[in-house]
Amino acid sequence: WQSMSRGSWHLHGHIHSAGSVYNELNRKQGLMRYDVGVDANDLAPVSLDEIRAWFEGVEFYGRARWWEWVNGTGDPAVAEDCGAVRELMVEVDRDHATAQESAEASRRCASALRDLGLGR
(Lines give C-alpha, C1' and ligand atoms only; values in the text may rest on other atoms or scores of the structure.)
Protein backbone atom coordinates (compact mmCIF):
# COMPACT_ATOMS: atom_id res chain seq x y z
CA TRP A 1 0.00 0.00 0.00
CA GLN A 2 1.13 3.50 -0.81
CA SER A 3 2.04 4.71 2.71
CA MET A 4 3.36 1.41 4.07
CA SER A 5 6.72 2.94 4.95
CA ARG A 6 4.99 5.70 6.94
CA GLY A 7 3.19 3.37 9.34
CA SER A 8 -0.24 3.59 7.72
CA TRP A 9 -2.65 0.73 8.24
CA HIS A 10 -3.71 -1.54 5.42
CA LEU A 11 -7.13 -3.01 6.21
CA HIS A 12 -8.42 -5.59 3.77
CA GLY A 13 -10.46 -8.75 3.55
CA HIS A 14 -11.53 -11.52 1.24
CA ILE A 15 -8.38 -13.63 1.45
CA HIS A 16 -10.04 -16.30 3.62
CA SER A 17 -7.39 -16.31 6.33
CA ALA A 18 -7.35 -19.32 8.63
CA GLY A 19 -8.13 -17.71 11.96
CA SER A 20 -5.79 -15.07 13.33
CA VAL A 21 -2.50 -16.54 12.04
CA TYR A 22 -2.13 -14.10 9.13
CA ASN A 23 -2.88 -11.06 11.30
CA GLU A 24 -0.64 -12.26 14.13
CA LEU A 25 2.35 -12.87 11.86
CA ASN A 26 1.87 -9.45 10.27
CA ARG A 27 1.85 -7.81 13.71
CA LYS A 28 4.86 -9.81 14.94
CA GLN A 29 6.80 -8.60 11.91
CA GLY A 30 5.87 -4.94 12.40
CA LEU A 31 3.61 -4.96 9.36
CA MET A 32 0.57 -2.71 9.82
CA ARG A 33 -1.66 -4.90 7.65
CA TYR A 34 -4.86 -6.48 8.98
CA ASP A 35 -7.40 -8.85 7.44
CA VAL A 36 -10.76 -7.51 8.62
CA GLY A 37 -12.65 -10.38 6.94
CA VAL A 38 -14.82 -12.48 9.20
CA ASP A 39 -12.82 -15.64 8.36
CA ALA A 40 -9.88 -14.17 10.27
CA ASN A 41 -11.94 -12.80 13.16
CA ASP A 42 -14.10 -15.54 14.70
CA LEU A 43 -16.81 -14.92 12.08
CA ALA A 44 -17.53 -11.45 13.50
CA PRO A 45 -16.93 -7.87 12.34
CA VAL A 46 -14.00 -5.97 13.84
CA SER A 47 -14.45 -2.50 15.31
CA LEU A 48 -12.10 0.41 14.76
CA ASP A 49 -11.34 0.35 18.51
CA GLU A 50 -10.31 -3.32 18.24
CA ILE A 51 -8.01 -2.51 15.32
CA ARG A 52 -6.46 0.41 17.22
CA ALA A 53 -5.82 -1.90 20.19
CA TRP A 54 -4.35 -4.56 17.87
CA PHE A 55 -1.75 -2.12 16.49
CA GLU A 56 -1.03 -0.41 19.82
CA GLY A 57 2.66 -0.62 20.62
CA VAL A 58 3.62 -2.19 17.28
CA GLU A 59 6.80 -0.70 15.90
CA PHE A 60 6.25 -0.76 12.16
CA TYR A 61 9.01 -2.07 9.96
CA GLY A 62 8.01 -0.41 6.71
CA ARG A 63 8.23 -3.36 4.33
CA ALA A 64 5.74 -6.07 3.42
CA ARG A 65 6.94 -9.43 4.66
CA TRP A 66 4.82 -12.56 4.78
CA TRP A 67 6.14 -16.10 5.17
CA GLU A 68 7.92 -16.10 1.81
CA TRP A 69 9.51 -12.73 2.54
CA VAL A 70 12.34 -11.74 4.83
CA ASN A 71 11.86 -11.64 8.59
CA GLY A 72 13.45 -8.26 9.20
CA THR A 73 12.81 -8.18 12.94
CA GLY A 74 15.77 -10.33 13.93
CA ASP A 75 13.49 -12.06 16.45
CA PRO A 76 14.13 -15.84 16.47
CA ALA A 77 10.55 -16.51 17.64
CA VAL A 78 9.15 -14.67 14.60
CA ALA A 79 11.51 -16.62 12.33
CA GLU A 80 10.33 -19.86 13.91
CA ASP A 81 6.65 -18.93 13.44
CA CYS A 82 7.27 -17.96 9.81
CA GLY A 83 9.09 -21.24 9.22
CA ALA A 84 6.21 -23.25 10.68
CA VAL A 85 3.70 -21.47 8.46
CA ARG A 86 5.96 -21.85 5.41
CA GLU A 87 6.13 -25.63 5.96
CA LEU A 88 2.34 -25.87 6.14
CA MET A 89 1.86 -23.84 2.97
CA VAL A 90 4.04 -26.16 0.86
CA GLU A 91 1.27 -28.77 0.79
CA VAL A 92 -1.32 -26.25 -0.38
CA ASP A 93 0.95 -24.85 -3.10
CA ARG A 94 1.57 -28.31 -4.65
CA ASP A 95 -0.05 -29.22 -7.93
CA HIS A 96 -2.99 -31.48 -7.13
CA ALA A 97 -4.54 -33.97 -9.53
CA THR A 98 -8.09 -32.89 -8.75
CA ALA A 99 -9.94 -29.92 -7.31
CA GLN A 100 -11.06 -32.19 -4.47
CA GLU A 101 -7.44 -32.98 -3.54
CA SER A 102 -6.64 -29.26 -3.59
CA ALA A 103 -9.65 -28.44 -1.38
CA GLU A 104 -8.72 -31.20 1.07
CA ALA A 105 -5.14 -29.90 1.27
CA SER A 106 -6.48 -26.39 1.94
CA ARG A 107 -8.74 -27.68 4.73
CA ARG A 108 -5.87 -29.59 6.35
CA CYS A 109 -3.66 -26.52 6.13
CA ALA A 110 -6.33 -24.23 7.64
CA SER A 111 -6.76 -26.64 10.54
CA ALA A 112 -3.01 -26.90 11.10
CA LEU A 113 -2.63 -23.10 10.98
CA ARG A 114 -5.30 -22.74 13.68
CA ASP A 115 -3.49 -25.38 15.74
CA LEU A 116 -0.25 -23.33 15.66
CA GLY A 117 -1.82 -20.99 18.19
CA LEU A 118 -0.08 -17.86 16.90
CA GLY A 119 -2.98 -15.69 18.06
CA ARG A 120 -2.26 -16.33 21.74
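What follows is a chat between two people about a predicted model of a single chain.

Colleague: Before we get into details, what does the secondary structure of the chain come to?

Modeller: This is a predicted model, and its secondary structure comes to four helices and two strands, which follow one another along the sequence in the pattern β-α-β-α-α-α.

Colleague: And how much of the chain is buried?

Modeller: Of the 120 residues in the chain, 33% are buried, while the accessible surface comes to about 7,300 Å², with 51% of that belonging to carbon and sulfur atoms.

Colleague: Which residues make up the largest nonpolar core?

Modeller: That core has nine residues, namely Ala-18, Val-21, Leu-25, Val-78, Cys-82, Val-85, Met-89, Cys-109 and Leu-113. The elements giving two or more residues to it are α1 (21-28), α3 (76-93) and α4 (99-116), and of these α3 gives the most, with four residues.

Colleague: What about a second core, which residues does that include?

Modeller: There is a second, separate core of six residues, and Met-32, Tyr-34, Ile-51 and Phe-55 are among them. As a general point, nonpolar side chains in soluble globular proteins tend to be buried together.

Colleague: Changing topic, where is Asp-35 found?

Modeller: Asp-35 lies in strand β2, which covers residues 33-35, and Arg-33 belongs to strand β2 as well.

Colleague: So what is the nearest side chain of opposite charge to Asp-35, and how far away is it?

Modeller: The nearest one is that of Arg-33, but it is 9.2 Å away, and Asp-35 has no salt bridge although it is buried. A salt bridge would need the side-chain nitrogen and the carboxyl oxygen to be within 4 Å.

Colleague: What does the side chain of Asp-35 reach, then?

Modeller: It reaches the backbone nitrogen of Gly-37, at 2.8 Å.

Colleague: And which residues further off in sequence is Asp-35 in contact with?

Modeller: Once its neighbours within four places in sequence are left aside, Asp-35 is in contact with His-12, Gly-13, His-14, Ile-15, Ser-17, Tyr-22, Asn-23, Ala-40 and Asn-41.

Colleague: Back to Arg-33: is it buried or exposed?

Modeller: Arg-33 counts as buried because its relative accessible area is 10%, and the cut-off for buried is under 20%. The side chain of Arg-33 is joined to that of Tyr-22 by a polar contact of 2.9 Å, and Tyr-22 is also one of the residues in contact with Asp-35.

Colleague: Last one, for the chain as a whole: what share of contacts between residues at least 6 apart in sequence join residues at least 24 apart?

Modeller: Among those contacts, the share is 57%.

How values were computed
Residues numbered from 1 in each chain as written. Predicted model: local features only at pLDDT ≥ 70, side-chain atom pairs only at ≥ 80, totals over all residues. Heavy atoms only, no water. Buried < 20%, exposed > 50% of the residue type's maximum accessible area, 1.4 Å probe, protein only. Lys, Arg positive; Asp, Glu negative; His and termini not counted. Polar contact = N/O pair within 3.5 Å; in protein donor to acceptor, adjacent residues only side chain to side chain. Contact = heavy atoms within 4.5 Å. Areas by Shrake-Rupley, 256 points an atom, 1.4 Å probe, with all protein chains shown as cover. Core = buried A, V, L, I, M, F, W, Y, C linked by side-chain atoms within 4.5 Å.
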